[in-house]
Amino acid sequence: MIPPAFEYARPASVDEAVRTLAEAGEEAKVLAGGQSLLPLLRLRLAFPELVVDVGRIPELRGVREDGDTLVIGAMTTHHDVVTDPLVRRHAGLLAAATATVADPAVRHRGTLGGSLAHADPAGDLPAVILALGGELVAQGPRGRRAVAAGDFFVDYLQSALEPDELLVEVRLPKADGWGFHYEKFHPVAQSWATVGVAALVRRDDGHIAEARIGLTNMGATPLRATAAEAALTGAGGTESVARAVESAAEGTHPAQDTAASPEYREHLARVLTRRAVLAAAGMG
Amino acid sequence: MTDQAVQSEVGRARPRKEDARLITGQTNWTDNISVNGLLHLAILRSPMAHARIERVDVSPALERPGVVAAFSGRDLDGLGSLPCAWPVTEDIVLPDHPPIAVDEVRYAGDPVAVVVARDRYAAADALEAIEVDYEPLPPVLDLEAALAEGSPLVHSDKGTNRSYVWPLKTGEDFDSVRRRAEVTVKRRYVHQRLIPNAMEPRAVVVTPLAASGEYTLYSATQIPHILRIMLAVVTGIPEHKLRVIAPDVGGGFGSKLQVYGEEAIALAVARRIGRPVKWTESRSEGYLATHHGRGMIQDVEVAAMRDGRLLGLKVDLLTDMGAYLMLVTPGIPILGAFMYPAIYKMDSYDFTCTGVFTTRTPTDAYRGAGRPEATYAIERIMDELAAEVGLDPVELRRRNWIGHEEFPYTTIAGLTYDSGNYEAATGKALALFEYDKLRAEQADRTARGDSVRLGIGVSTYTEMCGLAPSRVLRDLRYAAGGWEAATIRMLPTGKVEVVTGTSPHGQGHVTSWSQIAADVLGVPFEDVEVVHGDTKAAPQGMDTYGSRSLVVGGAAVHHAAQKVVAKARKIAAHLLEASEQDLDFADGVFSVKGSPEARKTIQEVAFETFTSHDLPDGMEPTINAEHLVDPDNFSYPHGTHLCAVEVDTETGQTKIRSYVCVDDVGRVVNPMIVEGQVHGGLAQGIAQALFEEAVYDDEGNLVTGTMADYLVPSAADLPEFVTERTETPATSNPLGVKGVGEAGTIASTPAVVNAIVDALRPLGVHDVRMPCTPERVWRAVREARS
């Protein structure tokens, strides 16, 4: 658990951070809250020549409104996300899911942007941002660009960020009026989710008008349970929901690891989607 | 003087004296120790489970910045084999165990080379430069396959993977009781390997004094005294030139009851280069290199009558030794051998244990050490027998246990239980648990076909603690005795130093020993200090493991303190011009019977020995005293644990809803310490039932190599424990104590698994393999339903 040697930079602004990254090329790694990168360094699974610590850039922290959009700075800690009144009002799903991340110590260090940029499909927040239809804003030498969550998570631990780009903020359409629930299944409180299901449900006249389901740890990237989402439209009771979620694992490719087999994960995806949707719809 | 006696210290929930410095870290953890010129070791370890070492070239590492030296196994060839102190049979296969592998590596993590550098970082970086050519050999991983004809061998020169076969057959022949039995139940249980997780990783510092050939070795160890002797043998450094210090040690659970290669390596390197060195393991390194626990297949059979009365028990064990026999590796299952019959009466016992080598990290003591395995087997199969004969599991136990009026009772395994009251502990536990109410809820859920089932698990355990009568150890072929030593030093100002041969690493001996000494001497608790863990300051001891410290070491403190009082009485009688028989002694004061104003405190007497101005003729000027205790018998804590588990049959998720334990650990010195021991023990036992497992892949690599994969539960994963006690004093020591370090671990594992199986039995489930992960539970339900 001794990390290899690396250079360390601590830019004071986003511009300086982007410049530092651009100069370093592919050999730099961004350090946000350190909850993923430091273990990788200590286990000698990552060997960056330069670690760019963006933890002291004030403009990357905080939550604000922009019309119908909620804007969360990439370096906003999990703890701040959980307790922020704007997040709780307009993106309750994110607050609820973030409250399940690891333990208080991790939540005071770890950041939303760090978690998303790490692109771990077992992380809770990528699937949540996917379900919320968020956009991730990257800044690089060529300026700013917004990437839809569905395009951001490219592969296992791989995001759409270029090496010289920094994730600066997350933009979420306000989900006012949507019911929500994050159903996390994990063997011990501090472990990653074996499977997690993020559900957003809009009801209309006692029926589900629209459902959005994000799946945690059901493949190399966070996934939407699109077949189940379609089947849930119009569902009006627990039995119709139960039927609709039978397709929750369609199109997923869950991993085999010490926590679970793919077959079991697919089973969990169905059960947990049912529970999450019923809870989000207030039917549970 | 009033008649009101000072409140006895023993029995008080004193906050622990040592905690302020332990918790704030203002103490000497081994890794905190720094000396001038200190160099740091890093160890290159085998990435393969089994391979021949064709070549090791450490010279490229010497080119790296900050590197001072580097050695291969061959370079340190002068080191002897690491010791095994418990060759359990005469014909045991006991392979050499070089501290650094020379010709062959036999588990992933086996040391191959060592680098010495100016700092930890330089040492770790330089490991990557060392060149090693390995010729892969086949791994040996499956215990049954390892014994089959033609299996690859862990130690090819030994011609077998079988280390030993150890039988114990007592009473009527088991075949004979099987013939007259109305019911037999046979089951196979598997104990997964567990990885001990002490809060403080292992660490060692060696400071050499070249001019006089003296060495001081600091180690995060449970056994400074045993370590000193063993390292003298392994390294050839004369024992009197070697001082071993166990500074404050942050937990061990048996994993620091060991003579480790790294300790020998550090000593050898310090001697070779004449400089002080330090090695501290990382957590993931410890997962490979610190010994593991458990790892056993149990074939268990009970023979009984329809009314539930037990006739006999047959136990066949295959136990995973790992690649080498370490300090007490082969003895661990033997420690359990006497515990399978537990609290039950029967006519026949037939036990066999086979030790098997595999290409995995060696196993050795882990909290409970053989006794959790035994308790698990008997308590699990008692539930199966209860189901078979249609009795409530508690009733089945009641029909078979030793009645409180039958003590002392010699069990079928040959142990004499001195005391106990299983009825009382069980009665209290059932009441606290609201057993009948939970049974009613369980029946209701079953009747409704609820997807969340309720299960109730019981475990009525006993254990043998207070290791150990030396003659028994001789009969078990253990290479040392089981005595313990204490010295009381009365300082001129009336303060007291208790020197103990036990070596606390979290148990709170400083507090408990102070309480014991304060009571006998009649001095304030605050006036007592406890000296431990340094072979120079506390030269005699057998250290701390196996719930022995209070039972043997605490008794030694008690006796030594009584000797102090006896010596002080002579001086007091002289000073008071009275005969010894005419003196009362209470609360630290000698007074003359009938004239209580004529008095001397024990502190005044201590000062008198310092001046020696007016001592009785011919009396040595000291009231200090030493006492060594060699116990006549083990102690036998027992108790009843009840666990209620909710099982979600849809997902396999289990949730402990309530947990009640009533433990009888004899007389209690400090109730708060006892409760803490029980809580921690429960957590570790529950961890085996539900969470922890060292998983290896088919090549013999440890898959659960970090805490991200090896699931140590936290408080958030555990229920609120209801802990209560009954107090049936032990008769084998003057304090009436029995030991409590392992009770929770021993009792809880079967209580939890019994509860899970109990919940699912109506669905047709009869067992779930540990750890009972959600997926395993889900599969068990699915298979039973299909």
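Let's start where the two chains meet: 23 residues of chain B are in contact with 17 residues of chain A. Please keep in mind that this is a predicted model. Which elements of chain B give two or more residues to the side that touches chain A? They are α3, residues 120–127, then α8, residues 283–289, and α20, residues 774–785. Of these, α3(B) brings the largest share, with 4 residues. And if you sort the chain B side by residue class, you get 10 nonpolar, 6 polar and 7 charged residues.

Now let's look at chain A by itself. How many helices and strands does chain A have? The secondary structure comes to 12 helices and 14 strands. The radius of gyration of chain A is 19 Å, and the globule rule gives 19 Å for 284 residues, so chain A is as compact as a globular protein of that length. If you turn the chain on your screen, the C-alpha trace spans about 60 × 45 × 30 Å along its principal axes.

Two more numbers help fill in chain A. Among its 284 residues, 51% count as buried. Then take the contacts in chain A with a separation of 6 or more: residues 24 or more positions apart account for 63% of them.

Back to chain B, and a pair of helices. Helix α6 of chain B covers residues 224–235, and helix α7 of chain B covers residues 261–273. Their axes are 10 Å apart, and the helices pack at an angle of about 60 degrees. That angle makes α6(B) oblique to α7(B). Is the crossing right-handed or left-handed? Here α6(B) passes α7(B) in a right-handed crossing.

Which residues meet there? From α6(B) we have B:L227, B:L231, B:V234 and B:T235, and on the α7(B) side they meet B:E263, B:A264, B:L267 and B:A268. Sorted by class, this contact has 6 nonpolar residues, 1 polar and 1 charged.

Next, some backbone details in chain B that are fun to find for yourself. There is a cis peptide bond joining B:L467 and B:A468, with omega at about -5 degrees. To find it, go to the loop between β18, residues 452–462, and α14, residues 470–475, of chain B, where B:A468 lies. Another cis peptide bond runs from B:M770 to B:P771, and its omega is near -10 degrees. B:P771 sits in the loop between α19, residues 743–760, and α20 of chain B. You have heard of α20(B) already, as one of the elements that give two or more residues to the side touching chain A.

Let me finish with two residues that have a positive phi. B:R294 is not a glycine, yet its phi is about 55 degrees. It lies in a strand, β13 of chain B, which covers residues 293–304. Is B:R294 buried or exposed? It has 28 C-beta neighbours inside 10 Å, and the cut-off for buried is 20 or more, so B:R294 counts as buried.

The other residue is B:D587, where phi is positive at about 50 degrees, although B:D587 is not a glycine either. You will find B:D587 in the loop between β22, residues 583–586, and β23, residues 589–592, of chain B. And why does B:D587 count as partly exposed? Because it has 14 C-beta neighbours inside 10 Å, and partly exposed is the class between 12 or fewer, which is exposed, and 20 or more, which is buried.

How values were computed:
Residues numbered from 1 in each chain as written. Chains lettered and ligands numbered in written order. Predicted model: local features only at pLDDT ≥ 70, side-chain atom pairs only at ≥ 80, totals over all residues. Rg over C-alpha atoms; globule rule 2.2 N^0.38 Å. Contact = placed C-beta atoms within 7 Å. Axes fitted to C-alpha atoms, helices over the stretch in contact; angles between N-to-C directions. Parallel < 35°, antiparallel > 145°, perpendicular 65-115°, else oblique. Left-handed = near helix turned anticlockwise from the far one by under 90°. Nonpolar A, V, L, I, M, F, W, Y, C, P; charged D, E, K, R; others polar.
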